[in-house]
Amino acid sequence: MDRYAVMGNPIGHSLSPLIHKAFAEETNQLLLYSSILVEAGEFPLEVSRFFAAGGKGLNITVPFKKEAWELADNLSAEANLAGAVNTLLKDQEGKLQGHNTDGLGLIRDIKSNYNCIIEGKKILVMGAGGATRGILLPLLRERPESVCIVNRTLSKAEELAQLFSKYGAVSACGYDELSAGEAKKMDWIINASSASLQGELPPMPGNILSSDAVCYDLMYAQDETVFCQWAQGAGAMKVMNGLGMLVEQAAESFYLWRGIRPTTQKIIQGLRK
Ligand code: ATR
C-alpha cells in the first residue's frame, strides 16, 4: 500500500492522519498515513529514510518546514516565496519536490467554504513571521485592493512588504499607525501572528472594521480565540478560524500526491463538532 506521513515535533496532536484517512476513504484510494516524531537534527536523515523505503509523500509541520525548504531539489512558487515547505514528494526523476499548500488552503476555505471574495478588498494581515510569509502570494493572486502587514516589529513587516511588492500593493505599518480614519477601514483582517497561541491580542483599535468586514484567525482552538472574540465585539460580519484552512491545505497535499481532489465539507463539519 502507498505510504504517506506527517513529520514534526511534537506530532501527537496532529489531525493530519485522521483527515487523510477520511480523504482516502472518500476517494477510494488505498493508502496508509502515519505520523512520525522526528528529533532535532534528524530531519534530513528521516526524510531520506522514508523515501528510500518506498514512501510516497510527506507533510511537514513545526519545526521542520524551513529545513524541508532547504532540503527540496525543486520548489513551487508558493513554497519558494514562503521560505517553507509543508508537502514533499518525489518526481519521476527521483528529485524531491517541495510545495507549500497553506496559503492555497486559506484561499480555498475563504472562497469555497465561505463564499467570500478577496478581490478589490482592503486587507490587514497581522504578524510578519512564517505564517504571514506562507499566505502572501496566494492572497495577492486574488487581487485585493491592498494588503497592509501590521507587526510589533515594524522592520519585519517592511521586509515582507518589500519581498512581495512585485505581486501586488503591499505595505507595512506598526499597530500605533492603525487609525480609525474612514479611509483606513479594513474589509478583511487576517490574524497570522502567533499572539492567539499565547491567548494574547495585539493592540487593535476597536473601530477599524468596514461595515461588512470579515475576520479570519489562522489559528483554531476548541474555545474561540481572543482575536475571534475581539472581532465579534468589534462588529465583524463574519468571523472564521483556521480549521477550514487546515483541512483545505491537507486536501491540496492529497491532490498533489494522488491527482484527485477530496471533498472537505463533511470533514470540516465533523471536526467542528
Ligand atoms: P509563525 O511561524 O507562527 O508565523 P513566527 O515566525 O515566530 O511564527 O512569527 C510570529 C509573529 O507573531 C511575529 O510577527 C510576531 O511579532 P514580532 O515579529 O514583533 O515578534 C507576532 N506576535 C507574536 N506574539 C505577539 C503578540 N503578543 N502581539 C503581537 N504580535 C505578536
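In this predicted model, an oxygen atom of the ligand lies 2.5 Å from an N or O atom in the side chain of Thr153. Two further approaches involve the protein backbone: an oxygen atom of the ligand is 3.0 Å from a polar backbone atom of Gly130, and an oxygen atom of the ligand is likewise 3.0 Å from a polar backbone atom of Ser194. Taken alone, the ligand would expose 650 Å², of which the protein buries 73%. The surroundings of the ligand comprise 15 residues, and those that come nearest are Ala128, Asn151, Thr153, Lys156 and Glu200.

From the ligand site we turn to the nonpolar interior. The largest nonpolar core has 30 residues, and within this core Ile135, Trp188, Ile190 and Tyr216 touch the most other members. Helices and strands both contribute to the core: α5, β7, α6, β8, α7 (154-164), β10 (186-191) and β11 (209-217) each supply at least two of its residues. The greatest contribution is that of α6, which gives five residues.

The cysteines deserve a separate look. The count of disulfides in the model comes to zero. Cys148 takes part in no disulfide, although the sulfur of Cys173, which is the nearest cysteine sulfur, is 3.3 Å away. Why do the sulfurs of Cys173 and Cys148 form no bond? A disulfide requires the two sulfur atoms to lie within 2.5 Å, and because the sulfur of Cys173 is 3.3 Å from its closest cysteine partner, in Cys148, the separation is too far for a bond. Both residues are withdrawn from the surface by the accessibility criterion, since Cys148 is buried with a relative accessible area of 11%, and Cys173 counts as buried at 7% relative accessibility.

Charged side chains form another layer of contacts. Side chains of opposite charge can pair when their charged atoms come close. In this structure there are ten salt bridges, and one of them joins the side chains of Arg141 and Glu78, with an N to O distance of 2.6 Å. Because Arg141 lies in helix α6 and Glu78 in helix α4 (residues 77-82), this pair ties together parts that are 63 residues apart in sequence. The two partners differ in their exposure, in that Arg141 is partly exposed, with a relative accessible area of 45%, whereas Glu78 counts as buried at 14% relative accessibility.

A second salt bridge brings together the side chains of Arg143 and Glu119, at 3.2 Å from N to O. Arg143 lies in the loop between α6 and β8 and Glu119 in the loop between α5 and β7, so this pair links parts that are 24 residues apart in sequence. Here Arg143 counts as exposed, at 56% relative accessibility, while Glu119 is partly exposed at 46%.

Further along the chain, Arg261 forms a salt bridge with Glu252, in which the closest N and O atoms are 3.2 Å apart. Arg261 is partly exposed, at 34% relative accessibility, and Glu252 is buried, with a relative accessible area of 9%. This pair does not stand by itself, as Arg108, Glu252 and Arg261 are linked in a network of salt bridges.

Arg143 also leads into the backbone geometry of the loops. Although Arg143 is not a glycine, it has a positive phi of about 60°, and its place is in the loop between α6 (130-141) and β8 (146-150). Asn115 is another non-glycine residue with a positive phi, in this case of about 50°. Asn115 is found in the loop between α5 (102-113) and β7 (122-126), where it is exposed, with a relative accessible area of 67%.

Finally, where do cis peptide bonds occur in the chain? One is the bond from Asn9 to Pro10, with omega near 5°, and Pro10 lies in the loop between β1 (2-8) and α1 (16-26). Another cis peptide bond joins Val62 and Pro63, with omega at about 5°, and Pro63 is located in the loop between β3 (57-60) and α3 (65-71).

Technical notes: Residues are numbered from 1 along each chain as its sequence is written. This is a predicted model: local features need pLDDT of at least 70, side-chain atom pairs count only at pLDDT 80 or more; totals for chains, interfaces and linings use all residues. Side-chain values use heavy atoms; hydrogens and water are left out. Helices (H or I, at least four residues) and strands (E, at least two) are DSSP runs, numbered from the N terminus. Buried means under 20% relative accessible area, exposed over 50%, partly exposed in between (1.4 Å probe, protein chains only). A salt bridge is a side-chain nitrogen of Lys or Arg within 4 Å of a carboxyl oxygen of Asp or Glu. A nonpolar core is a set of buried Ala, Val, Leu, Ile, Met, Phe, Trp, Tyr and Cys residues joined through side-chain atoms within 4.5 Å. A residue is near a molecule or strand if one of its heavy atoms lies within 4 Å of it. A polar contact is a pair of N or O atoms within 3.5 Å; within protein, one must be able to donate a hydrogen and the other to accept it, and residues adjacent in sequence count only if both atoms are side-chain atoms. Accessible areas come from the Shrake-Rupley method with a 1.4 Å probe; for residues, only the protein chains shown count as cover.
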